Amino acid sequence: MFKLESYITPILLSYVAKYVKNFRDEDAQVSLWEGEVAFQNLDLRLEVLEEELNLPVELVSGHIHELSIQVPWTKLMSEPVKIVINTIEFVAKLPDSESKQRRASFQQEQRRNSKRASVEQPDQQQQQQPKSPGAASSSSVVNKIINNISLQCHNIILKYVEDDIVVSMNVQTLNFSSAGENWKPTMVDIHPVAVIMRKLLQVSDLTICLDKRNTAGRIEVCQEPVLYRCTLECRVLRKYNANTVSTSSTTRIGVFTKALDINVSSLQFPMVMRLVKMLIELKPAASEEDRQNPEDQEAVTEGNETQEGAEPTGQSVFWWAWNLLPSFDPQAPSSSCDAPIGHAFDLGIYAEELNFQFKNSEYFTDQSMGGIKRIRYTPILRISLGGLYYERTLLKECDWANVKAGLSSMCMEPLGAYRSEDPVDRNLVNTQEFQEERSFIDKSLFDENYMFADRSWCSYNYEDYVARNTDEYMLYRSPVLAFDIVEHRVPRPTSHPVAESQLRDLGLRIQYRLLSAGITFHFSQSFAQNR
């Protein structure tokens with residue numbers, strides 16, 4: 001007789017054991033069969049998290065105060081299994097040579113274990129092969145339950161320490177769940193052939209603080225947050241076709257925020273510049289050391305065969321986000337005429353309103369508070385941007401990549417002592433109000449009128465791309481400023497006297513386009529004061 005508990009319980013507990021140190025699941029099984037199990041004060045396996053997420057930083061510590069798993073045994077086909085985390089803390093830093101060597105050793109051990117498992121896997125699959133239609137049906141039921149697991153995190157704390165800089169990030173609530181075609185959280189059935197997976201990540205009350213510590217490692221005065229209580233929504237779409245069965249043929253990630261308010265003081269500005277430079281140079285953890293190890297060359301070769309079409313890594317710090325997505329091994333789906341052949345990746349970031357405020361800051365001693373050290377702020381300038389978007393698309397097999405970005409409105413105005421009382425003289429830079437307030441998310445994952453955004457959204461032919469993205473359309477999406485960069489390869493001649501390595505470079509083309517309209521600059525008394 002098929003007992004769902006005997007299938008679900010080991011899978012759920014194995015996930016906990018994989019990421020938690022010194023975990024014993026004997027007592028947890030009984031509690032989970034009753035519907036809920038809770039754990040307190042869990043230390044995380046940092047090396048596993050670094051490897052799974054391909055993090056570009058080193059985790060110094062990781063701790064969960066409380067974790068609970070809630071299983072609605074009587075409503076498993078209509079309600080998701082919930083994993084709830086209350087207060088999870090991380091401390092991170094840049095990896096040094098010792099941590100890089102430790103990660104390389106861990107990767108080698110992981111490959112050895114994977115190699116042993118691949119040798120034993122055929123025998124295990126033969127033993128676990130379904131003996132009846134009922135067993136195959138139970139497997140699909142378990143697959144649906146696992147795919148629809150929802151995650152809720154309350155109070156996420158992340159600290160990054162770099163020399164005298166301390167970055168503190170706090171998230172009040174994070175929800176991760178499966179979504180339907182309308183991008184609402186729901187239980188989703190996995191189609192056995194046409195596999196399309198949608199995941200929804202909602203972040204509320206994101207706050208980021210940037211402070212300076214002294215030589216003793218202490219923060220003398222806490223500054224105002226750089227980002228305060230921001231709300232984000234991330235949508236992930238993964239699609240599979242017959243040409244790329246082992247990995248997703250289409251991966252789209254969209255991040256949207258309604259308002260993003262960034263405040264930077266004169267004391268924080270040098271630290272921000274250092275962090276920006278570090279982010280530009282930072283890349284996900286590479287494994288060159290491992291690939292050069294002859295002892296594991298065979299394991300690396302096998303890994304390359306299985307991940308031939310996997311997502312690219314090492315491009316920039318943002319590429320590690322692809323590895324956050326769950327893997328899924330579907331049955332071979334039928335090919336689609338409108339789906340590009342190969343692996344398509346798309347990242348889109350959208351902000352309805354983005355405000356930058358710059359302030360002058362200085363330390364002073366507050367005698368009324370017992371002579372403690374405090375910071376006095378004086379506002380200088382505010383820059384408001386509306387209808388902002390950035391999109392990057394990559395189609396690996398076709399050597400196609402393009403970047404699009406746009407801006408719908410802009411306003412720059414002085415503040416405080418620099419602010420003019422004359423309304424005409426008040427703004428340094430402004431633009432006309434844009435009519436189509438939601439045009440900047442056109443054909444994105446957040447466009448409610450474009451529900452079939454998982455179809456032929458990606459162009460891999462330059463003529464087709466230009467026909468879709470005309471100058472008029474670019475200015476429709478962002479009437480103030482729009483630009484795109486397209487990197488592609490033209491058809492190469494069948495015979496050419498140049499070597500193949502040089503011939504490949506001959507086919508590379510990079511096309512640039514910049515469009516702008518409706519920006520007004522005011523050279524006035526306010527401008528002279530801000531200079």
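A charge is taken to sit over an aromatic ring if NZ of Lys or CZ of Arg is within 6 Å of the ring centre and within 35 degrees of the ring normal. In this predicted model, arginine 477 meets that description: its charged end sits over the ring of tyrosine 389, 4.0 Å from the centre. Lysine 359 offers another example, with its charged end placed over the ring of tyrosine 377 at 4.7 Å from the ring centre.

Aromatic rings also pair with one another. Such a pair is described by the distance of the centres and the angle of the planes. Searching the whole structure turns up five aromatic pairs, and one aromatic cluster is formed by Phe256, Tyr350 and Phe446.

Helix 6 is a good place to pause. Spanning residues 269-281, this helix of 13 residues reaches 19 Å from its first C-alpha to its last, close to the 18 Å expected at 1.5 Å a residue. Its buried residues include Met271, Val272, Leu275 and Met278. Seen down the axis of helix 6, the buried residues fall within an arc of 125°, so they line one face of the helix. They pack against strand 4 (150-162), strand 5 (165-178), strand 6 (196-212) and strand 9 (260-265). On the other side of helix 6, Lys277, Ile280 and Glu281 are exposed.

Finally, the cysteines. Cysteine 153 is buried, at a relative accessible area of 5%, and cysteine 230 is buried too, at 2%. With a disulfide counted as a pair of cysteine sulfur atoms within 2.5 Å, the structure has zero disulfides.

Note on methods: Residues numbered from 1 in each chain as written. Predicted model: local features only at pLDDT ≥ 70, side-chain atom pairs only at ≥ 80, totals over all residues. Heavy atoms only, no water. Buried < 20%, exposed > 50% of the residue type's maximum accessible area, 1.4 Å probe, protein only. Phe/Tyr/Trp six-rings, centres within 6.5 Å; stacked < 30°, edge-to-face > 60°. Helix = DSSP H or I, 4+ residues; strand = E, 2+ residues; numbered from the N terminus. Expected span 1.5 Å × (residues − 1). Arc of directions from axis to C-beta. Contact = heavy atoms within 4.5 Å.
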